[in-house]
Amino acid sequence: MSDTPFGFGLPPEEPDDGDEGKKKDQQSGGGQGPANPFGFGPGGPGGDNPLAAMFGSLNPNDLGAAFQQLGQMLSYEGGPVNWDMAKQIARQTVSQGTPDGTRDASIGPAERTQVADAVRLADLWLDDATSLPSGAGSAVAWSRAEWVEATLPVWKELVDPVAERVGAAMGDVLPEEMQAMAGPLLGMMRSMGGAMFGTQIGQAVGVLAGEVVGSTDIGLPLGPVGKAALLPLNIESFGKDLSVPQEEVRLYLALREAAHQRLFAHVPWLRSHLFGAVEGYARGIKVDTAKLEDVVGQFDPQNPEELQQALQQGMFQPEDTPEQKAALARLETALALVEGWVDAVVHSAAKPRLSSADALRETLRRRRATGGPAEQTFATLIGLELRPRRLRDASRLWASLTDARGVDGRDGLWAHPDMLPTASDLDDPDGFVHREQLDFSELDKMLGEAASGPSEKPNLTKDEPKDDEKGQAKGEEKGDDDK
């Protein structure tokens, strides 16, 4: 059976006849890559003929299987994203390799040992730079394919709320009296929408797997809790042109991964705070119904390319409301504070020990500020860029807090979200740093005494009346006045 049903056109992981097989695959239209996953359009087999585009790469013996799989795609009745398809496309994208020619490879024992040693040493260095204890119960070395498998559950949590809005909008663009008549068509469109969304997300995640160096590159914890993960192949590519020893590159990236793990492990509300901010922003996103109406009006079940192109171009218009602006500011500030804290803590740990600390810090700052093609694709699909726009401001604020209040005073701000700096504090970091700190010691003492019960009240002297006696005396005086 062919590995490219209904025109996906993605090559197998290893062509049987090497480079000749690749050439033949390209000539037959099977190697378009992520930009044209279904083989539709001028670049696909069959030109403008949709059936030829879908099945041109198959021989007659495979048509039955292809139609069967196409039927499964159209009959998909799961959530707003076909995550089985997303996983398949992501794995296929990974198998193609990155533009620089590096292909995914299994992780060997030596690489696993190098990663484990780097994370262990990074944790020792971080003990001097932060009061938060280690959050990495284990350290793992992942291939790109393993990164895809491990992070897809979190991508689902991020993407589904936005994709749900598109699915609902597909039914809203038709007049109410037509919706009952168009039920089967709407069901087909939702299935196609789930498949197309799954395709695009799969491509973005697959390309991102070729760029990331760990499980926390985008500022969110994408991997399992308590598991520090690094990708040796991507670390090697990252450090190739930096003129920095590979051991220093690996160790600096291990410091960043271990610092993220400490923060998310010991600030229990942080993960839900960040994901809640993403979801809050997603609720305010407006689907471009005019564009969607055009797609619905021209929808051809034999040529779902229009729906795919609409998703590629983006259908989201952020609402220009105070609530939406506040949600976006809250999310951007939270991301900046996380990345800024990690940046400041890692620099404090690395600066005295690594001669390349400054160069690596600046490289990673620029990398996070610009983002890669996969991040841009993700932004188009869900209308949101997961980049800390104010990373440098947040890093300076955390460094100033360290100088003014010490490590414990700085890290103590993570005790509650209301204690963290706000967007306006990033504009005036000195004002926040030197602002008088609230003293909660008396309040804590009162709460502790209240919780301990009446048996542990402080002893009163014989000359000092008890509170109830004072109240009774006041009541008697008031009664005399009334008379």
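Accessible areas are computed here by the Shrake-Rupley method with a 1.4 Å probe. On that basis, the protein chain of this predicted model exposes about 23,900 Å², of which carbon and sulfur atoms supply 51%.

## Overall features and confidence

The protein chain contains 21 helices and four strands. It has 483 residues, 47% of which count as buried. Among contacts in the chain with a separation of 6 or more, 78% are accounted for by residues 24 or more positions apart.

Confidence varies along the chain. The mean pLDDT is 75, and 58% of the residues reach 70 or more. Over residues 1-57 the pLDDT stays under 50, and the model has 103 contacts beyond four places in sequence for this stretch. Residues 455-483 also have a pLDDT below 50; beyond near neighbours in sequence, that stretch has three contacts in the model.

## Salt bridges

The structure holds 21 salt bridges. Three of them are listed below with the distance between the nitrogen and oxygen atoms.

| Arginine | Acidic partner | N to O distance |
|---|---|---|
| Arginine 367 | Aspartate 217 | 3.6 Å |
| Arginine 256 | Glutamate 339 | 3.3 Å |
| Arginine 366 | Glutamate 362 | 3.1 Å |

The side chains of arginine 367 and aspartate 217 meet in a salt bridge. This pair links distant parts of the chain, 150 residues apart: arginine 367 is in helix H15, and aspartate 217 is in the loop between helix H8 (183-209) and strand S2 (227-230). Arginine 367 counts as partly exposed, because its relative accessibility is 29%, which falls between the limits of 20% and 50%. Aspartate 217 is buried, with a relative accessible area of 15%.

A salt bridge also joins the side chains of arginine 256 and glutamate 339. Arginine 256 belongs to helix H10 (residues 246-266) and glutamate 339 to helix H14 (residues 322-350), so the pair ties together parts that are 83 residues apart in sequence. Arginine 256 counts as buried at 13% relative accessibility, and glutamate 339 is buried as well, with a relative accessible area of 1%.

The salt bridge between arginine 366 and glutamate 362 lies within one helix. The two residues are four residues apart in helix H15, so about one helical turn separates them. Arginine 366 counts as exposed because its relative accessibility is 55%, whereas glutamate 362 is partly exposed, with a relative accessible area of 26%. Elsewhere, salt bridges that share partners join Arg390, Asp393, Arg396 and Asp427 into one network.

## Arginine 361

Helix H15 (residues 357-370) also holds arginine 361. Arginine 361 counts as buried because its relative accessibility is 16%, and the cut-off for a buried residue is under 20%. Its side chain makes a polar contact with the side chain of histidine 347, at 3.4 Å. Leaving aside residues up to four places away in sequence, arginine 361 touches Tyr252, Asp343, Ala344, His347 and Ser395. Histidine 347 is therefore both a polar partner of arginine 361 and one of the residues that arginine 361 touches, a polar contact being a pair of N or O atoms within 3.5 Å.

## Arginine 405

Arginine 405 is found in helix H17 (residues 391-411). What is the nearest side chain of opposite charge to arginine 405, and how far away is it? That side chain is aspartate 425, which is 9.0 Å away; arginine 405 is buried yet has no salt bridge. The distance exceeds the limit for a salt bridge, because a salt bridge requires the nitrogen to be within 4 Å of a carboxyl oxygen.

The side chain of arginine 405 does reach backbone oxygen atoms. One belongs to phenylalanine 432, at 3.2 Å. Another belongs to valine 433, also at 3.2 Å.

## Leucine 121

Leucine 121 lies in helix H5 (residues 109-126). It is partly exposed, with a relative accessible area of 34%. Leucine 121 and alanine 258 are 137 residues apart along the chain, and their C-alpha atoms are separated by 9.9 Å.

Key: Residues numbered from 1 in each chain as written. Predicted model: local features only at pLDDT ≥ 70, side-chain atom pairs only at ≥ 80, totals over all residues. Heavy atoms only, no water. Buried < 20%, exposed > 50% of the residue type's maximum accessible area, 1.4 Å probe, protein only. Contact = heavy atoms within 4.5 Å. Polar contact = N/O pair within 3.5 Å; in protein donor to acceptor, adjacent residues only side chain to side chain. pLDDT = per-residue confidence, 0-100. Lys, Arg positive; Asp, Glu negative; His and termini not counted.
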